[in-house]
Amino acid sequence: MYTASSTKKTLHPIMDSINVFKGYGKVSLEQPNPPPPNHLHRRRRFIVASLAVFLTLAIGSLIAVLICESATESDKPEPSSQLASNSAASLKIVCAVTRYPETCFSAISPLNSPPSNSPLRFFNLSLHAGAAQVSSLISLANETKAEAAVKDCAELFDDAASQLARSAESISVGSSSSGEKVLTEMRISDLQTWISAAMTDQETCVDGLEEMGSTAVDEFKVRVQKSQEYMSNSLAILNNIHSLFAKFGLTMP
């Protein structure tokens, strides 16, 4: 026969088991405590700061690359195809090395037909322009031969014309010779000598006219000055011929 006390004793272990299971369930359902607010705030600030540093470095690197590429492009010579595509532009580049670039361009441009972009061609045309000026001086001297000084000038101009003709012929012979280099160092040296001699002849003429008190000195001075500019330009082109060919991306003939 069961009594109340025995019933309690029997139920007590069962209730303890139930309480234990409840305790386990309670533990498993509880959420972990969230981190303190200050910790989250510091973490966010660290992430933002890291992103800011990364973006700054990335933008700085990009700017550095762009500046480097821009500097590299500006240092590069113009593509030879662009220089060679426009004959007038090529002539301006050649004339830029002379002391009288405007005279150079106006003298050569009318003769540049068919259009060319070769520095050697421009040099040859400059020689012909200078020879034409010397021819006009010879005509002027022949018209005013009454003075002895003018007769001397006529002879000097003839010699100058011969020097320029020899220069032009030297280039022509070199161009027509199969396999022969046109602008050898020896030929360039000869050309420099001949053009300089032609300029000296003209200066000697003016000096003689001034010493003799010639009435024609002023007129000759103007003509000689123009002729001197032509020959000075020819000499400048010749002196820079190697760099001009390199700038145009062409091979020296």
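**Notebook: helices and one salt bridge**

Reading along the sequence, I find that the chain follows the pattern α-α-α-α-α-α-α-α-α-α. I note at the outset that this is a predicted model. Counting the elements gives ten helices and zero strands.

I turned next to the chain as a whole, and looked up how much of the chain is buried: of its 253 residues, 32% count as such. For the accessible surface of the chain I have a computed value of about 16100 Å², and carbon and sulfur atoms contribute 59% of that area. I also checked how contacts are spread along the sequence; among those in the chain with a separation of 6 or more, 72% are accounted for by residues 24 or more positions apart.

Then I looked for charged pairs. Side chains of opposite charge can pair when their charged atoms come close. How many salt bridges does the structure hold? I find one salt bridge in the structure, and in this bridge the side chain of Lys221 meets that of Glu210, with 2.5 Å from N to O. The pair links distant parts of the chain, since Lys221 lies in helix H9 (residues 217–239) and Glu210 in helix H8 (residues 185–212), with the two positions eleven residues apart in sequence numbering.

Are the two partners buried or exposed? Lys221 has 37% relative accessibility and is therefore classed as partly exposed, and Glu210, at 40% relative accessibility, is likewise entered as partly exposed. I set both against the cut-offs, because buried means under 20% relative accessible area and exposed means over 50%, with partly exposed in between.

Definitions and conventions
Residues are numbered from 1 along each chain as its sequence is written. This is a predicted model: local features need pLDDT of at least 70, side-chain atom pairs count only at pLDDT 80 or more; totals for chains, interfaces and linings use all residues. Side-chain values use heavy atoms; hydrogens and water are left out. A salt bridge is a side-chain nitrogen of Lys or Arg within 4 Å of a carboxyl oxygen of Asp or Glu. Helices (H or I, at least four residues) and strands (E, at least two) are DSSP runs, numbered from the N terminus. Buried means under 20% relative accessible area, exposed over 50%, partly exposed in between (1.4 Å probe, protein chains only). Contact means heavy atoms within 4.5 Å. Accessible areas come from the Shrake-Rupley method with a 1.4 Å probe; for residues, only the protein chains shown count as cover.
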